[in-house]
Amino acid sequence: VERDDNRERPEDPRQDYSYDARYFGIGSRGEWTPRWPYWVEAIRETGHSREDLTSAKSNISAWDFNAEQRYMTGLPSGMMFTVQAAAGSGDNDRQDAVNTLYGNAGGRDHGFVHFGYLPTGIVLNPCLSNLRMLRAGINVNPFFKIKAMRSFWMGIDFFRYWKDRPQGGISDLEASNADRDIGQEVDLRADWWVNSRVLISAEWGVFMPGKAYAPGRDEKSEVVSVSLSLMF
């Protein structure tokens with residue numbers, strides 16, 4: 001159960017922003033065999049949100065589903081294949097999937113707003129609201145024969161995104177066309193645990209927009225990052 005207990009300072013007489021939700025979830029984590037682990041989760045969201053440009057309440061009626069299947073090859077390199085599917089419901093009249101402004105314009109609010117973390121790509125990184133996503137990935141340690149590199153891992157992920165409701169928006173406001181095709185993304189990542197206290201990470205990703213983006217806003221985007229983490 002989530003309650004905003006929202007106190008505006010200063011008070012906005014034209015708009016209330018409270019979002020009070022209830023979540024009911026069920027999930028499972030296990031393995032079909034030791035090489036085939038899985039997890040699956042389904043969530044139903046109810047409660048009340050506020051309509052855009054008014055103080056009227058809307059009933060929330062939203063849902064989420066996500067699942068992941070892995071295959072552990074058992075090879076010395078630790079090669080692992082992953083397939084993931086995820087979806088969060090959307091609302092046709094929401095321009096912004098996760099905020100009150102430009103949010104639900106009236107009637108039931110079908111836009112799912114989640115807590116927690118789910119990897120959805122390092123470039124687009126969309127919230128799981130008005131979104132359907134497929135991810136396929138491979139992780140491997142190509143240097144497993146080198147003692148100092150046995151904690152080094154490389155991975156590649158391919159993402160494909162669609163809108164749940166084509167008329168609605170997603171967390172990226174530039175995907176404003178009434179079309180389901182959001183686009184696709186490819187991410188590369190490398191992690192090296194130098195020892196138990198030092199982690200070096202590098203990642204690169206490119207997002208290629210689909211028809212949900214208007215001309216002029218449909219150019220590909222890239223992200224590159226390198227980080228050093230010290231544990232104390």
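**Reading the labels on an all-strand model**

Modeller: Leucine 228 sits in strand β9, which covers residues 221-230. Keep in mind that this is a predicted model.

Biologist: Why is leucine 228 called exposed?

Modeller: Leucine 228 has a relative accessible area of 57%. The label exposed needs over 50%. Leucine 228 is therefore exposed.

Biologist: Which nonpolar surface patch includes Leu228?

Modeller: Leu228 shares that patch with Val194, Ile200, Leu230 and Phe232. The patch covers about 550 Å².

Biologist: Valine 226 is in β9 too. What makes valine 226 count as exposed?

Modeller: The relative accessibility of valine 226 is 65%. The cut-off is over 50%, so valine 226 earns the label.

Biologist: Which residues does valine 226 contact, beyond its neighbours within four places in sequence?

Modeller: Those contacts are Ser201 and Ala202. As for glycine 210, this residue is 16 residues from valine 226 along the chain. Their C-alpha atoms are separated by 28 Å.

Biologist: Let's step back. What pattern does the protein follow along the sequence?

Modeller: The pattern is β-β-β-β-β-β-β-β-β. The count is 9 strands and 0 helices. The C-alpha trace spans about 65 × 40 × 35 Å along its principal axes.

Biologist: How do you know that β3 and β4 pair?

Modeller: Pairing takes at least two bridges. Strand β3 (residues 57-72) and strand β4 (residues 80-88) have 9 bridges. They are therefore paired, and the sense is antiparallel. Tyrosine 71 stands opposite phenylalanine 81 of β4.

Biologist: And what makes β4 and β5 a pair?

Modeller: Strand β5 (residues 131-140) is joined to β4 by 9 bridges. The requirement is at least two, so these strands pair. They run antiparallel. Alanine 86 has methionine 133 in β5 as its bridge partner.

Biologist: Now the charges. Why is the contact between aspartate 16 and arginine 50 called a salt bridge?

Modeller: The N to O distance is 3.7 Å. The limit is within 4 Å, so the pair qualifies. This pair links distant parts of the chain, 34 residues apart. Aspartate 16 lies in the segment before β1 (20-31), while arginine 50 belongs to strand β2 (residues 37-50).

Biologist: Are aspartate 16 and arginine 50 buried or exposed?

Modeller: Both residues are buried.

Biologist: What makes arginine 189 and aspartate 191 a salt bridge?

Modeller: Their closest N and O atoms are 2.7 Å apart. That falls within 4 Å, so a salt bridge is assigned.

Biologist: Why is aspartate 191 called buried, but arginine 189 partly exposed?

Modeller: Aspartate 191 has a relative accessible area of 17%. Buried means under 20%, so aspartate 191 is buried. Arginine 189 has 37%. Partly exposed lies between 20% and 50%, so arginine 189 takes that label.

Biologist: How do you know that arginine 189 also forms a salt bridge with glutamate 203?

Modeller: Their side chains meet at 2.6 Å, N to O. The limit is 4 Å, so this pair counts as well. Arginine 189 is in strand β7 (residues 181-195) and glutamate 203 in strand β8 (residues 198-209), 14 residues apart. Elsewhere, Glu68, Arg70, Arg135 and Asp157 form one network through salt bridges that share partners.

Biologist: How many salt bridges does the structure hold?

Modeller: The structure holds 10.

Biologist: Why is aspartate 109 called buried?

Modeller: Its relative accessible area is 0%. The cut-off is under 20%, so aspartate 109 is buried. The residue lies in the loop between β4 and β5. Its contacts outside the nearby sequence include Tyr19, Ser49, Asp91, Arg94 and Asn104.

Biologist: Which residues have the most contacts inside the largest nonpolar core?

Modeller: They are Leu124, Leu131, Met133, Tyr161, Ile182, Phe207 and Tyr213. This core has 16 residues. Strands β5 and β6 (152-163) are the elements that give two or more residues to it. Isoleucine 182 touches Leu124, Leu131, Tyr161, Phe207 and Tyr213, among other residues. Another core, of 7 residues, lies apart from the largest one. Its members include Tyr19, Ala21, Ile43 and Phe112.

Biologist: What share of the 232 residues is buried?

Modeller: Buried residues make up 41%. The accessible surface comes to about 13,300 Å², and carbon and sulfur atoms hold 57% of that surface.

Note on methods. Residues numbered from 1 in each chain as written. Predicted model: local features only at pLDDT ≥ 70, side-chain atom pairs only at ≥ 80, totals over all residues. Heavy atoms only, no water. Patch = residues over 30% accessible without salt bridge, like charges linked within 9 Å, V, L, I, M, F, W, Y side chains within 5 Å. Areas by Shrake-Rupley, 256 points an atom, 1.4 Å probe, with all protein chains shown as cover. Helix = DSSP H or I, 4+ residues; strand = E, 2+ residues; numbered from the N terminus. Buried < 20%, exposed > 50% of the residue type's maximum accessible area, 1.4 Å probe, protein only. Contact = heavy atoms within 4.5 Å. Core = buried A, V, L, I, M, F, W, Y, C linked by side-chain atoms within 4.5 Å.
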